Amino acid sequence: MTPPHPAPPIPSLEELAISARVVSIPMRVKFRGVLERESLLVRGPAGWGEFCPFLEYDDAESAPWLASAIEAAWFGFPSAVRTRVPVNATVPAVGPDAVEGVLSRFGAVGAVKVKVAEKGQSLADDVARIGEVRRLLPDADIKVDANGGWEVGEALVALDALSRFDLQYVEQPVADIPGLRAVRLELRRRGESVLVAADESVRRQEDPLLVAREDAADLLVIKAPPLGGVRRALDIIDRAGLPAVVSSALDTSVGIRAGVALAAALPDLPYACGLATVSLMAGDVADAPLVAQDGHLPVRDVAVSEEKLQRFAAAPARRQWWLDRLGRAHAVLAGVERDSFGRENDTGKSHSGNTGSTGER
Ligand SMILES: O=C(O)CCC(=O)C1=CC=C[C@@H](O)[C@@H]1C(=O)O
Ligand SMILES: [Mg+2]
């Protein structure tokens, strides 16, 4: 196990705000209730970074997303050990008749992640959706993501019904860590091969390592932004000692670049990553978006297009909302700096803080 990376300094709010661009990009299909994805992009000496916590997240939970954007734009990424990253297609909770259209956006892929347990839908809806994926892609690895939508008993019933589709893993079948552990142990007892992955139990948890310590998951789904960036995510994966699947935060190609950097830096990458989600969006900020080619994303930088930034520019009121949020998240990061190191709050001074220890999210 390696020690945590030293926390780099953070730029001042003025340095961040001067380059800030806010975009609003329509989704091709509703995903996690989102129809328009809003995001704030900043430009620093190392390139662009993306700050896009979901709208309902509070300032404490948003702060690591800013640390991640600062890492990308001011410090860049660790070295890559591979030149491309295998990715899955992602199928939202659509009806079976819409599955083929969604899959066609991703090109040829060897793995598919399917959303299940959507509010207002039934297990029969999940069976129909996954059945259609299996019919179209008989040899693909299929994984499902319940976003904590089941109780333990419901998860076991559902996974029994879905076992005919030979699932690779189930992501966050239930909401809490004791529940994850219970589902995992019962699946093992039954001799089921489907693995249990933790997502929200890592990224929305005070202690992202608790799920691993509790033996509650076989693998971790890791998103760089909520964990404070690529370096901090690498530390968490290292300390957890579990295989990791890197997944998107439904970001533009700028944020996806950070996910690709994380996946590219991992010594082991046994599963396809959930990083192909730009294909779920009806636009992007890059002329050459990071979308799947033959089931992979290339490990490369992203050139942001001024024309696209203008085309997808958010309305003035939304831009102001994001700038206000940027200021509040920056204040949280500066506060973390003071708490961790006992120094003065340096908010507003240049390159004076750090982006570490954002565990409260
Ligand atoms: O993992 C994937 O295939 C795509 C990314 C994805 O599913 C998600 C991105 C952002 C927010 C989440 O609701 C969702 C997830 O739960 O993993
Ligand atoms: Mg998930």
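What percentage of the 361 residues of the protein count as buried?

1. Burial and overall form. The answer is 50% of the 361 residues. This is a predicted model, and the remarks below should be read with that in mind. The protein has 12 helices and 12 strands. Its radius of gyration is 20 Å, close to the 21 Å that the globule rule gives for 361 residues, so the protein is as compact as a globular protein of that length. Taken along the principal axes, the C-alpha atoms fill a box of roughly 60 × 45 × 40 Å.

2. Contact pattern. Among contacts between residues at least 6 apart in sequence, 70% join residues at least 24 apart. An individual case of a pair distant along the chain is taken up in point 8 under Leu323.

3. Domains. The domain assignment gives two entries: domain 1, made of 13-77 + 307-341, and domain 2, covering 84-304. Domain 1 is thus written as two segments of the chain, and domain 2 as one. The centres of the two domains, taken over C-alpha atoms, are separated by 23 Å. Their contact takes 28 residues from domain 1 and 30 residues from domain 2. On the side of domain 1 that touches domain 2, at least two residues each come from β1, β2, β3, α2 (59-75) and α11 (306-311). Of the contributors to that side, β1 gives the most, with eight residues.

4. The three-stranded sheet. β1, β2 and β3 form an open sheet in the order β1-β2-β3, with antiparallel pairing. β1 (21-31) and β3 (47-51) stand at the edges with a single partner strand each, so one side of each has no neighbour in the sheet. On average, neighbouring strands of this sheet are turned by 35 degrees against each other, direction ignored. Between β2 (residues 34-44) and β3 there are five bridges, in the antiparallel sense. As a point of register, Leu41 has Glu50 in β3 as its bridge partner. These three strands are also among the elements that supply the side of domain 1 touching domain 2.

5. Strand β6. Why can β6 (residues 111-115) be called largely enclosed by the rest of the structure? Five of its five residues are buried, so the strand is largely enclosed. In a regular strand the side chains alternate between the two faces of the sheet. In β6, Ala111, Lys113 and Lys115 point one way, while Val112 and Val114 point the other way, and all are buried. A reader checking the model may wish to note that Lys113 and Lys115 are among these buried residues.

6. Partners of β6. On one pairing, β5 (residues 89-91) and β6 run in the parallel sense over three bridges. Here Thr90 has Lys113 in β6 as its bridge partner. The chain passes from β5 through helix α3 (residues 96-104) to β6, in a right-handed β-α-β crossover. β6 is also joined to β7 (residues 141-145) by five bridges, and these two strands run parallel. Ala111 has Asp141 in β7 as its bridge partner. Together with helix α4 (residues 123-136), β6 and β7 make a right-handed β-α-β unit.

7. Residues with positive phi. Two residues other than glycine deserve a look. Ala117 has phi near 60 degrees and lies in the loop between β6 and α4. With 24 C-beta neighbours inside 10 Å, Ala117 counts as buried, because the cut-off for that class is 20 or more. Asp166 has phi near 55 degrees, also a positive value. Asp166 is found in the loop between α5 (152-162) and β8 (167-171). With 12 other C-beta atoms within 10 Å, Asp166 is exposed, because that class takes 12 or fewer.

8. Leu323. Is Leu323 in a helix or in a strand? Leu323 sits in helix α12 (residues 316-341). Leu323 has 15 other C-beta atoms within 10 Å and is partly exposed, because this count falls between the cut-offs of 12 and 20. Leaving aside residues up to four places away in sequence, Leu323 touches Ala17 and Ala20. Leu13 is 310 residues from Leu323 along the chain, yet their C-alpha atoms are separated by 9.8 Å.

Terms used:
Residues are numbered from 1 along each chain as its sequence is written. Chains are lettered from A and ligands numbered from 1 in the order in which they are written. This is a predicted model: local features need pLDDT of at least 70, side-chain atom pairs count only at pLDDT 80 or more; totals for chains, interfaces and linings use all residues. Two strands pair if DSSP finds at least two bridges between them. Helices (H or I, at least four residues) and strands (E, at least two) are DSSP runs, numbered from the N terminus. Axes are lines fitted to C-alpha atoms, for helices over the stretch in contact, and angles run from 0 to 180 degrees between N-to-C directions. A crossover is right-handed if, with the strands pointing away from the viewer, the path from the first strand over the helix to the second runs clockwise. Two residues are in contact if their C-beta atoms, placed from the backbone, lie within 7 Å. The radius of gyration is taken over C-alpha atoms; the globule rule is 2.2 Å times the number of residues to the power 0.38. Domain bounds come from an automatic or database domain assignment.
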